[in-house]
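Here are a few exercises to work through with the model open beside you. Try each task before you read its solution.

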Amino acid sequence: MLDRGKEAGRSSFLLYSNADELKENNPKKSALYQSLNGLWKFDIVKTPAQRPTNFFEPNLDVSKWSEIQVPSNWELQGYDIPIYTNITYPFPKNPPFIAGDYNPVASYRRTFTVADSWNDKEIILHFGSISGYARVFLNGKEVGMTKASKTPAEFNITSFLKKGENLIAVQVFRWHDGSYLEDQDFWRLSGIERDVYLQAMPKTAVWDYFVKSDLDNQYKNGLFNIDVTLKYFENNKIKNPSIKVELCDKEGKTVYSENKKVNAKEQNVSFSKTIENVKQWNAETPNLYRYTITLLDNKGNVLEAVSKKTGFRKVEIKDAQLLVNGKAVMVKGVNIHEHDDVNGHVPNEELMRKDLQLMKEFNINAIRMSHYPHDTKLYDLCDEYGFYVVDEANIESHAMGAEWQNWFDQKKHPAYLPEWAPAHLDRIKRMFAFDKNHPSIIIWSLGNECGNGPVFYDAYDWLKQVDSTRPVQFEQAGENRNTDIVCPMYPGIKSMKSYASADKKRPYIMCEYAHAMGNSGGNFQEYWDIINSSKHMQGGFIWDWVDQGIKTKDANGKTFWAYGGDLGASKLQNDENGCADGVIFSNRTPKPALSEIKKVYQNIHFQLDNETDLTVKNLYNFTNLSDFNFKWELVKNGVIAKSGEFNLDVAPEESKKVALDLGSIDSDSEYFVNVYAVSKYDAPLVAKGHEFAREQFAIGKGSYFKNNESAKTASKLKYTVKNDVVSFETENVAGEFDLKKGEILKYNLKNDSNPIFTNFPTPYFWRAPTDNDFGSNMPNKLVVWKEASKNATVVSVVLDKKATDGLLIKAVYKLATIDVPYTVDYLIQNNGAIKITASIDLAGKELPEMPRFGMRAQLNGSFDNLTYYGRGPWENYSDRNSAAFVGEYSDKVINQYTKSYIRPQEGGYKTDVRWLTLKNEKSQGLKIEGLQALGFSALNISTEMLDPGKTKAQRHPSDLDLDSKEAVYLHIDYKQRGVGGDDSWGRLPHDQYRLTDKKYTYSYIISLVN
């Protein structure tokens, strides 16, 4: 049984009762609307056996019940336990049954009165979404029952109402047979979670309608069609009504108006009109028209009116491409779950706007509503601001099995059993019914990770029949007939290349890719190199938008964001921090990876030829580049030497050349050209002056490192050797080296007793595992390198006094647990600087790859002013650094670590670094210069503190002292492995970003600055 007494699905709209209300344009102020949001009486028990079976009785004493805000998820209001699980059901799997030992049941009650003006009206009770199996009673009588969440449950309560005070009572079971179809990868939260209201309507009413705003085959004129469904209720005294349909452009000018008399009991009335030279809707220029459907009595008085917006657009698949208004669109998308870090799944319009603003700022143009229909307000905003939306039915039965993953038993899987078919179809039909009038929805999706049984072929056929204006996609169909788009999740690079090069009839748009868990987002450009190589490869939806952390406090009052296993759920099924896969943090601030995504997603492409000829290509479908200001910079050895601006008129999909006047370029310096495109005008979500595109080009013959050989100096190096200790000094510097231990003992500015170093550089190969590292079992597979970073023993130390450019000390070490030679040459130069060359040779050894090849030093925490010349300013890695330009950047060390990763892990890294300085407030400190590019991090927290060990250990940033400034841990690397990003459950960073060579060597110079 799916439901009882529940109305069939219909479109999302509210009614106005007169023309004045229409003008005010706030249907929640209409005389036909009454909200039931607010405080309700509330009771909850742990098992169905304990529930009050008389919860609905009018005379029940509920004085001892609590109160709860509606809408809400009760688990976030202090009742019961929020559970995060990905695939495994939060209850024992035995469909269709739910075990009774833990299945909380909540009872809700409140009273209301209705206006006398509603006496001649029909009254509908609307629940936007109830998560759980809900029975609804009014004045002691059962009105109905509902199970499917995420689409409205509506009940006609006219016959249940009485004069004066009415009592509504709802009892919600957390889990039920329908929960087997709601196994999405998110927090499992319960209760009345969207708006509750009463909608009054006349006894003859506009019950539903379907507006189709299409374009003709030339994409020029609008084809406006609207099919209105009327409903006639009992005791109907309305004679000879008529329907008026009006369409206005955004200036308010009426472009179409028609009035039709309704024949007796006529249920469907259709209107159509061609609108000449219509302003089109698309994600770049989301032009909307307002339509009004008014029901009039036979004297022309308004009985009710509906007023919403539509956009004219044509969605087609032609020649294996997804077209919008005749243009092949690139889907630069993200998946989004409903998530508010305080209120869970309760819709929050302010957060919706914030999300859409960030998406616009970071070049995201498409959203997959994973994995259920979201609140109607989000679609209104997508219509208004311009996003391509995939709307998805609330179906996922992942724990029963999913196609293309593991073997599963079709004889037990709901998608393959006829008795489950009505439940599947009901959810798909309700999605369509509810959301069908939104122009932003350009594709329907049948569900997620739920098998591909016969019901999904039937559902595909049904959708194609009722809606000819949109394609249908279904990841579970693969390349079977019941999908118009091939939309895999997490395909390998090899399979992407294979589809790209094959002759195909359908576009390829990944429904999920680039898994953004923790410090991730590597090799994103590689995906797009393949996408850009073939016309039927059209992008995808990153998994996913926002970390689903829940804001809370620890025992000491420190704020942190909870994940699976927190908030009392440690003993319940949970999947740890798998809920934190977003490209933004739970507090809606961007992760560093989002800057890389923005660059790869940008719609303006730059190419530089002959060092001054810039080609600018417009990748927008509908936007001229005259909407942007362009600027360029010539950067010499990290500093801007020259800059300029230009404007261009470039139509969509066209290119233009611009000559840059860079002036003369010498061959002794390193040069880069940076180019930027910024918006010229304010847009609804993004203020003018926002950067939308950037590129950096290396030019000239000069190499930074070619000119960085050890400087000839007049400074005199003096040294003595006593008791196996070399003491050395120049005019400004003094130091000691222990020839027995093979280590620097002292290295300081003269006349300054405060040491800079607390530990001098020693070999270091480990990193605090990222979530992707845990997914590929790196903490176990590569652990030898963790051990090798500890306590290397000295094999030999040789002092070479003959070196002309200083004093050379050659040390050979044996690494702990790994019997391979590791050598370090220390050249104490005549000017007092120390050139360090470290080398490792793994030839003949079967060893796993290194996480990093480098050294680590520890500095006194007062040396916290960082300046460097390399990629920045944000955190970057070898496989995620094209957006981080090479330049000179300065910041405090305390700001270097990315503190918002929900689980502490590797962070704060910088690549392609030429030099860096760390200074105290007196501008004293040290400088590190690479003789080749370096990778480095300078953090106030050590790798050991960030590393939880072999398991994730349920750690949070609040468990660590991330505000300590006692020490600076300085990693000076040749390289660190990339972060990866294909998935977080096994795949490694791509080969070119891993350290798999047998030999590594690198050099850098340490000098002291004053």
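**Exercise 1. Count the cavities in this predicted model, then say what volume the largest cavity has and which residues lie nearest its centre.**

Solution. Start with the count: taking cavities of 30 Å³ or more, you should end up with 8. Next, pick out the largest cavity, whose volume is about 210 Å³. Now list its lining. There are 21 residues in it, and those nearest the centre are Ser-131, Glu-182, Phe-186, Arg-188 and Leu-189. Then ask which element gives the most to that lining: it's strand β12 (residues 186-188), with 3 residues. Last, sort the lining by type, and you get 7 nonpolar, 9 polar and 5 charged residues.

**Exercise 2. Do the same for the second largest cavity: what is its volume, and which helix gives the most to its lining?**

Solution. The volume comes out at about 170 Å³. Its lining holds 18 residues, and closest to the centre you'll find Glu-338, His-339, Met-352, Asp-355 and Arg-588. Going through the elements, helix α2 (residues 349-361) gives the most, with 4 residues. By type, the lining splits into 7 nonpolar, 6 polar and 5 charged residues.

**Exercise 3. How many salt bridges are there, and which residue pairs with Arg-135?**

Solution. First, the idea behind the search: side chains of opposite charge can pair when their charged atoms come close. With a cut-off of 4 Å between nitrogen and oxygen, the tally is 63 salt bridges. For Arg-135, the partner is Glu-142, with 3.1 Å between the closest N and O atoms. Now check how open Glu-142 is: its relative accessibility is 28%, so Glu-142 counts as partly exposed, given that buried means under 20% and exposed over 50%.

**Exercise 4. Take the salt bridge between Arg-914 and Glu-670. Which parts of the chain does the pair tie together, and are the two residues buried or exposed?**

Solution. Begin with the contact itself, where N and O sit 2.5 Å apart. Then place each partner. Arg-914 belongs to strand β53 (residues 910-919), while Glu-670 is in the loop between β38 (655-659) and β39 (671-679), so the pair links parts 244 residues apart in sequence. As for accessibility, both Arg-914 and Glu-670 are buried.

**Exercise 5. Now try Asp-771 and Arg-903: how far apart are their closest N and O atoms, and where does each residue lie?**

Solution. The closest N and O atoms are 2.8 Å apart, which makes a salt bridge. Asp-771 is in helix α9 (residues 771-775) and Arg-903 in the loop between β52 (885-892) and β53, so this pair ties together parts 132 residues apart in sequence. Asp-771 has 2% relative accessibility, so Asp-771 counts as buried. Arg-903, at 1%, counts as buried too. While you're looking at salt bridges, pick out a network as well: shared partners join Arg-767, Asp-773, Glu-849, Arg-977, Asp-991 and Arg-994 into one.

**Exercise 6. What is the strand order in the open sheet of 3 strands, and which strands are at its edges?**

Solution. Trace the pairing and you get β22-β23-β24, with antiparallel pairing. The edge strands are β22 (315-318) and β24 (327-328), each pairing on one side only. Now zoom in on β22 and β23 (residues 321-324): they run antiparallel and are joined by 4 bridges. To fix the register, note that Val-315 stands opposite Val-324 in β23.

Technical notes
Residues are numbered from 1 along each chain as its sequence is written. This is a predicted model: local features need pLDDT of at least 70, side-chain atom pairs count only at pLDDT 80 or more; totals for chains, interfaces and linings use all residues. Side-chain values use heavy atoms; hydrogens and water are left out. On a 1 Å grid over the protein atoms alone, a cavity is a set of points where a 1.4 Å probe fits but cannot get out, and a pocket is an open set with protein on both sides within 12 Å along at least five of seven lines; lining residues have an atom within 4 Å of a point. Grid points are joined across faces, edges and corners, and a volume is the space filled by probe spheres set on the points. Helices (H or I, at least four residues) and strands (E, at least two) are DSSP runs, numbered from the N terminus. Ala, Val, Leu, Ile, Met, Phe, Trp, Tyr, Cys and Pro count as nonpolar, Asp, Glu, Lys and Arg as charged, and the others, Gly among them, as polar. A salt bridge is a side-chain nitrogen of Lys or Arg within 4 Å of a carboxyl oxygen of Asp or Glu. Buried means under 20% relative accessible area, exposed over 50%, partly exposed in between (1.4 Å probe, protein chains only). Two strands pair if DSSP finds at least two bridges between them.
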